[in-house]
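Welcome! Here are some exercises to help you find your way around a new structure, each with a worked solution to follow at your own pace.

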Amino acid sequence: MVFAIDESYSLPLTVAWHSLRASNAELTDRLQIDLLYEELSPPTIERLRRHAELLGLRVRLRPVHLEPIRYPTAFGGAQANYLRLVIPEMYPDCERVLYLDADLVIRGDLGALLGTELDGRPLGAVRDPLNPVVGRGRALPGWSKLGIPPEQEYFNSGVLLIDPAACREEQLFARAIEFIAAHPEHIRLWDQDALNWAARDRWQRLEPHWNAFPLSALVRTPWVRYTTEDLMPFQDLVRFEETAAVLHFASPAKPWKDLLPEGPAAASYRALLSAVRSADRSFTPAP
C-alpha cells in the first residue's frame with residue numbers, strides 16, 4: 001500500500017492510517033505501507049513514525065525525486081499529486097500496489113480490493129463522479145484537440161489498484177509524465193488528467209464503493225456543482241457514499257479544515273481527527 005504527501009497533508013494522512021487500522025486490523029498486521037515524499041521536515045517525519053508505532057503499522061518512508069519538468073499545480077494542486085507516477089518503477093517485484101490518497105477514510109475490508117482481478121489491464125480505478133466522461137466536467141481541458149472522444153470515461157486517481165509490470169510494459173505512467181511535459185495546457189486535474197490521457201480505455205472499472213465522495217455534503221459547498229445526473233444519478237452516488245468502503249474527501253472542502261458542511265461524513269471524520277489530535281498531544285511532553 002502506498003501513500004504520497006507533502007508537509008500539508010501529514011495530518012489527514014494520520015487520520016487515514018487510524019481509519020485503516022480500525023477497519024483492517026488483520027490486514028495491517030501483514031501489510032507493508034510505503035510513504036512517498038519529496039521533502040518533509042524532521043518533526044513531521046518523527047510524528048508520522050510515532051503514529052505508525054502507536055497503530056502497529058509497518059511504514060517505510062521513501063524519498064522520491066520526480067523527473068525535472070514543470071508540474072502544473074493551478075486550481076489547488078501540489079507537486080505531491082504527481083508522486084504516484086513513480087510507482088511502477090519503484091516496485092519492480094510487486095504484483096499489486098494499492099495507491100491511496102491521504103484525504104480519505106477507510107471503512108471496509110481492503111482485502112477484497114487487493115484481490116480484484118484487473119483482467120489484463122494495467123490499473124483499476126473508480127469512475128470520477130464529478131467528471132464521468134471527458135466531455136463533461138473540468139477534466140482534461142482541450143480534450144477535443146487531443147483527439148479524445150467526448151464519451152471516453154474518466155477515472156479518479158485517488159484510489160488506484162496498480163499492476164506495476166503491466167504499467168511498465170505499456171509505459172502508462174511514463175507516457176503520463178511525457179504528456180505533462182509536452183502539454184501542460186491540457187492539465188487541470190494534475191496527475192489524474194495525465195493518467196487518463198495515457199490509459200485511454202485501458203483501465204479496469206472498480207466498484208464505486210471503493211472510492212466514493214461525500215457528495216451529499218459537497219453539493220452544499222461553493223466548489224461543487226453536480227451536472228451529470230443523466231450519466232450517474234445523484235441518488236445512486238449518495239447510496240455509494242453511505243456504503244463506502246473508502247470515502248474520499250475530494251474537492252477543496254477538506255474536513256480537517258472545517259470546510260465540509262455538517263452531516264454524517266463530517267461527523268465521522270471529526271471522530272477520527274479527535275483521536276489523532278489526542279495522540280498528538282500524548283507525543284508532546286508537558287512543559
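**Exercise 1. Work out whether Trp190 counts as buried or exposed, then describe its place and its backbone.**

Solution. This is a predicted model, so let us start from its computed values.

Step 1: Trp190 has a relative accessibility of 17%. The cut-off for buried is under 20%, so Trp190 counts as buried.

Step 2: Look along the chain. Trp190 sits in the loop between helix 7 and helix 8 (191–199).

Step 3: Check the backbone. The phi of Trp190 is near 55°, a positive value in a residue other than glycine. Most residues other than glycine have a negative phi.

**Exercise 2. Find which loop holds Gln171, and say how exposed Gln171 is.**

Solution. Step 1: Gln171 belongs to the loop between helix 6 (164–170) and helix 7 (172–182).

Step 2: Its relative accessibility is 48%. Partly exposed covers the range between under 20% and over 50%, so Gln171 counts as partly exposed.

Step 3: For Gln171 too, phi is near 55°, which is positive although the residue is not glycine.

**Exercise 3. Describe the surroundings of Thr14.**

Solution. Step 1: Place the residue. Thr14 is part of helix 1 (residues 10–23).

Step 2: Ask about its cover. With a relative accessibility of 0%, Thr14 counts as buried.

Step 3: List its partners. Leaving aside neighbours within four places in sequence, Thr14 is in contact with Arg47, Leu48, His51 and Val276.

Step 4: Look for a polar contact. The side chains of Thr14 and Arg47 make one, at 2.9 Å.

**Exercise 4. Describe helix 1 as a whole, then explain how helix 1 and helix 11 are placed against each other.**

Solution. Step 1: Take the length. Helix 1 has 14 residues and spans 20 Å from its first C-alpha to its last, close to the 20 Å expected at 1.5 Å a residue.

Step 2: Consider the cover. Helix 1 is mostly covered, with 11 of its 14 residues buried. Among them are Ser10, Leu13, Ala16, Trp17 and Leu20.

Step 3: Turn to the packing. Helix 1 packs with helix 11 (residues 264–283) at an angle of about 105°, and their axes are 9 Å apart. Angles from 65 to 115 degrees count as roughly perpendicular, so that is how these two helices lie to each other.

Step 4: Name the residues that meet. From helix 1, the contact involves Leu11, Pro12, Thr14, Val15, His18 and Ser19. Helix 11 brings Tyr269, Leu272, Leu273, Ala275, Val276, Arg277 and Asp280.

Step 5: Sort these by class. The contact of helix 1 with helix 11 has 8 nonpolar, 3 polar and 2 charged residues.

**Exercise 5. Find which residues are in contact with Leu104, leaving aside its neighbours within four places in sequence.**

Solution. Step 1: Leu104 is in strand 5 (residues 104–106).

Step 2: Leu104 counts as buried, because its relative accessibility is 0%.

Step 3: With those neighbours left aside, the contacts are Ala16, Ser19, Gly158, Val159, Val246, Leu247, His248 and Phe249. Ala16 and Ser19 are buried residues of helix 1.

Step 4: Pick out Leu247. It is 143 residues from Leu104 along the chain, yet their C-alpha atoms are separated by 5.5 Å.

**Exercise 6. Give the place of Thr28 and its polar partner.**

Solution. Step 1: Thr28 lies in helix 2 (residues 25–28).

Step 2: A relative accessibility of 1% means that Thr28 counts as buried.

Step 3: Its side chain makes a polar contact with the side chain of Arg21, at 2.5 Å.

Step 4: Neighbours within four places aside, Thr28 is in contact with Leu20, Arg21, Gly56 and Leu57.

Step 5: For a longer view, take Phe234. Thr28 and Phe234 are 206 residues apart in sequence and 34 Å apart in space, C-alpha to C-alpha.

**Exercise 7. Locate Leu83 and list its contacts beyond its neighbours within four places in sequence.**

Solution. Step 1: Leu83 is in the loop between strand 3 (58–63) and helix 4 (87–90).

Step 2: Leu83 is buried, with a relative accessible area of 0%.

Step 3: Its contacts beyond those neighbours are Ala4, Ile5, Leu36, Tyr37, Glu38, Val64 and Leu66.

Note on methods
Residues are numbered from 1 along each chain as its sequence is written. This is a predicted model: local features need pLDDT of at least 70, side-chain atom pairs count only at pLDDT 80 or more; totals for chains, interfaces and linings use all residues. Side-chain values use heavy atoms; hydrogens and water are left out. Buried means under 20% relative accessible area, exposed over 50%, partly exposed in between (1.4 Å probe, protein chains only). A polar contact is a pair of N or O atoms within 3.5 Å; within protein, one must be able to donate a hydrogen and the other to accept it, and residues adjacent in sequence count only if both atoms are side-chain atoms. Contact means heavy atoms within 4.5 Å. Axes are lines fitted to C-alpha atoms, for helices over the stretch in contact, and angles run from 0 to 180 degrees between N-to-C directions. Angles under 35 degrees count as roughly parallel, over 145 as roughly antiparallel, 65 to 115 as roughly perpendicular and the rest as oblique. Ala, Val, Leu, Ile, Met, Phe, Trp, Tyr, Cys and Pro count as nonpolar, Asp, Glu, Lys and Arg as charged, and the others, Gly among them, as polar. The expected span of a helix is 1.5 Å times one less than its number of residues.
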